Every structure is written in C-alpha cells, then in structure tokens.
Amino acid sequence: MATAAQGPLSLLWGWLWSERFWLPENVSWADLEGPADGYGYPRGRHILSVFPLAAGIFFVRLLFERFIAKPCALCIGIEDSGPYQAQPNAILEKVFISITKVSGQRNREEYSHKALLHGAGEDREHVPLRYPDKKRLEGLSKQLDWNVRKIQCWFRHRRNQDKPPTLTKFCESMWRFTFYLCIFCYGIRFLWSSPWFWDIRQCWHNYPFQPLSSGLYHYYIMELAFYWSLMFSQFTDIKRKDFLIMFVHHLVTIGLISFSYINNMVRVGTLIMCLHDVSDFLLEAAKLANYAKYQRLCDTLFVIFSAVFMVTRLGIYPFWILNTTLFESWEIIGPYASWWLLNGLLLTLQLLHVIWSYLIARIALKALIRGKVSKDDRSDVESSSEEEDVTTCTKSPCDSSSSNGANRVNGHMGGSYWAEE
C-alpha cells in the first residue's frame, strides 16, 4: 500500500519540479548542482531557512515596539490610553450586538458601493454608522429614561471601544518604517556595486548559471522572511478593512520572491524589490506624522511619496524592468514555460500600479485643494475617529437634544479617506 501511495506522490513531485517548466531548454537541475562561487546556485531547499528567520523577525518586532517605538510615541505626546469606555448598560449592549451582527455586512457593502460611485475621498456622511433607527432610538429613550442624544453618544463610545489606540498604530507603522528604510539602504548599497544595476542586460548573461553572492542571498532571504512575518502578524495586528486584500498581496509577494529565487532570476528580482521599497518607507513616515498630528509634515511626506510612487511604478518599472524581462530576456535567453508565468505576474503587478497610482493621485489632488491629507481609511476598525466622537460629545453634551453634531470633524483630520497601497 505504501508503494501504491508513492506512485502518485512521485508523479506530483516530478510535475512540481519539472525541468521543462522551471529551466530553459537544454538545462537540467543536475547542471545547477555543480560547484560555484559564493553560496552556489539558488535551490528550493534554501527557502526553508526563511521560516525560523521570519519567527525571529517577528520576535524582534515585539521588542522594537515595546522598547523603542512606544517610548518614542510617548515622547512626542501620543497618549498611552485607550478609547473612552461607554457606561455599562445591558439593554444597550444587547442592541449594539444585534445591530453589529445584522448590519455589519450590509454596511460594508453599502460603503463599498458608495465608494465606487462617489470615490474613496467622499465626506464622512457617506460612511454608514451603526446606530439604531429613529423609531428604536425613541423606544430606548422611553425605556431607559435617557434622551436620544445621550443614547447616540453611548453607541459612539461603545463602537470606539473596539478601536485600537493611536499608540498601537504608531508602533506598528514605526516598525514597518524602520525595516523598509533599513532594507532599502542595504539594497541600494548592495546594488551599487552590482554590474546589473548599471547594465540591466547583465541580468540575463550566462543565465541560469549565475551563482549567488553572500550579499544577494542575504538580501533575498531577508525580504522573503519579512513578508512571511507580515503574514503571521496580520492575525495579531490591528484588524483592518482590507485584511483579505493585504493577505492576498503578501501571498502573491511571497510567491513572486520564492518563484524568482528558485528560477534563479534573482538579479532582476533585487531590482524589483529595491524599486518597491523606496516608496514604502515614505508612506509609513507620512502615517507616523499623521498619528503624531504633525499635519504639515504629513502633507509634505505624502506628496513626496506620491511623486516617488508615480515615478517608480509608472516610469522606471515598465520602461526599465518590464522592458528587460519581456524583450531583452527574450533576445538573450529566449522564452520558456516559467518565463511566461513570471512575466504574466509582473504585468499583473503593473496593472495594480496603475490602479493604486490613480487612487493616490486623487487623494494627493484633494490634499492640495483642501490643504491637508486625510486619514488612512485602513487604520481603524470603524470609519469614524474616536477624536471626532469625543470632540462632538464634549462640545454637545450627551444630555442635549441636538443630534446634528454627529458628523463633525475635529481639528486637523479631514473628512475624506487616505488611500493606501
């Protein structure tokens, strides 16, 4: 029976590692087993070292956020306090839970529909809020002997209890900013002394017999381990609205990095990784300034991020990277099965660049018109901010009968949403 089971497994293993798929014509895996300088040739088993390294990066992140990011946040005035706690009330809690369960999906669909019709930068009035309807509010008012305004304030405070504090968001962004900046500096330093950085056709000369250097190996494995750590941490980080989208994004990124490593297209892979890292740390820096309420700095960084993103993703990527992967590689090594798949994925990535660039350009334009960059729509469990709710309820006490302050916006935060990659 064991022998019978080995047959299908052997066929599956042979299909997964088919030389006709992975390698150019007249090249076999045996050809890449020979001695080479540095770390030899890339092998699939090298990927296994990524998992303990990813766990180590995740542990370092926990230490970094606790002993470096948090003290920095406190030094610049970000308070170590959660949202205002709603007064315990069993009746209102039961209503809140029922509304959350029943209308949660409907609200998300309504928000997505309006976002498509009106754009992601519309005013806060387009965001569906989880409140009881008017008739139910009046019934609760009679039952509890509270006025309607006080009940509305309770629901806002209760909703905001589920939101993470700004301190937590700041620490997460500071970790990503630090890593992206460090890995970008390392990448630039490594590529500066690499011949294919100055002559990109060197990515294909003598392919696939291009041995790994220690710098290239560490660069690739560190990037891959970081994205695996992001896959792990997504389940413990702040819950964001685009959880599934970012999960797929990280999965595709891991797939592309792993695929190019096994296929020994690491030279062009290093260029692609460095090209993407250059804008990532700028976005995280803008978010840090936003959380710290340095609005002028936030606006400046976001404009710089937008410009760098457009130049790298709509200029350098298609005319430098895609040009070499599609045309120069065809001329030097010719197409084969995995070549088609890699270029298909890179073209899909370019399509995403165009979509993201459109969203960023729209937000940047509104920032210039309104004089400020609006908040990151992904940063909270809910769309409305705690700061807005506290300001509203402070200026209009909960025992007031007025309810027109529910959609006010406090201070430096705009009413539109900050589109993020």
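This passage walks through the overall make-up, the cores, two helices and a surface patch of the structure.

The model is predicted, so local features are taken at pLDDT of at least 70 and side-chain atom pairs at pLDDT 80 or more, while totals for chains, interfaces and linings use all residues. Residues are numbered from 1 along each chain as its sequence is written, and side-chain values use heavy atoms, with hydrogens and water left out.

The protein has 14 helices and two strands (DSSP runs numbered from the N terminus: H or I of at least four residues for helices, E of at least two for strands). Of its 421 residues, 50% are buried, buried being under 20% relative accessible area, exposed over 50% and partly exposed in between, with a 1.4 Å probe and protein chains only. The accessible surface adds up to about 21,000 Å², with 64% of that on carbon and sulfur atoms (Shrake-Rupley method, 1.4 Å probe; for residues, only the protein chains shown count as cover). Take the contacts (heavy atoms within 4.5 Å) between residues at least 6 apart in sequence: 82% of them join residues at least 24 apart.

As for the inside, the largest nonpolar core holds 83 residues, and Phe226, Met265, Tyr317 and Ile321 have the most contacts within it. Such a core is a set of buried Ala, Val, Leu, Ile, Met, Phe, Trp, Tyr and Cys residues joined through side-chain atoms within 4.5 Å. Helices giving two or more residues to this core include H7 (166–192), H9 (214–233) and H12 (295–332), but H11 gives the most, with 16. Looking past neighbours within four places in sequence, Tyr317 touches Ile272, Leu275, His276, Thr312, Leu322, Leu346, Leu349, Gln350 and His353. A second, separate core has 12 residues, among them Leu137, Leu144, Trp146 and Ile151.

Helix H11 is also home to Gly269, which counts as buried because its relative accessibility is 7%. Gly269 sits 66 residues from Cys203 in sequence, yet their C-alpha atoms are 9.4 Å apart.

Helix H6 (residues 148–160) is mostly covered, with 11 of its 13 residues buried. Those buried residues include Ile151, Trp154, Phe155 and four arginines, Arg149, Arg156, Arg158 and Arg159. The end C-alpha atoms of H6 are 19 Å apart, which agrees with the 18 Å expected at 1.5 Å a residue (the expected span being 1.5 Å times one less than the number of residues).

On the outside, Phe59, Leu62, Leu63, Phe67 and Ile68 make a nonpolar surface patch of about 500 Å². Patch residues have over 30% relative accessible area and no salt bridge; like charges are joined within 9 Å, and nonpolar side chains (Val, Leu, Ile, Met, Phe, Trp, Tyr) within 5 Å. A salt bridge is a side-chain nitrogen of Lys or Arg within 4 Å of a carboxyl oxygen of Asp or Glu. Phe59 belongs to helix H3 (residues 50–75).
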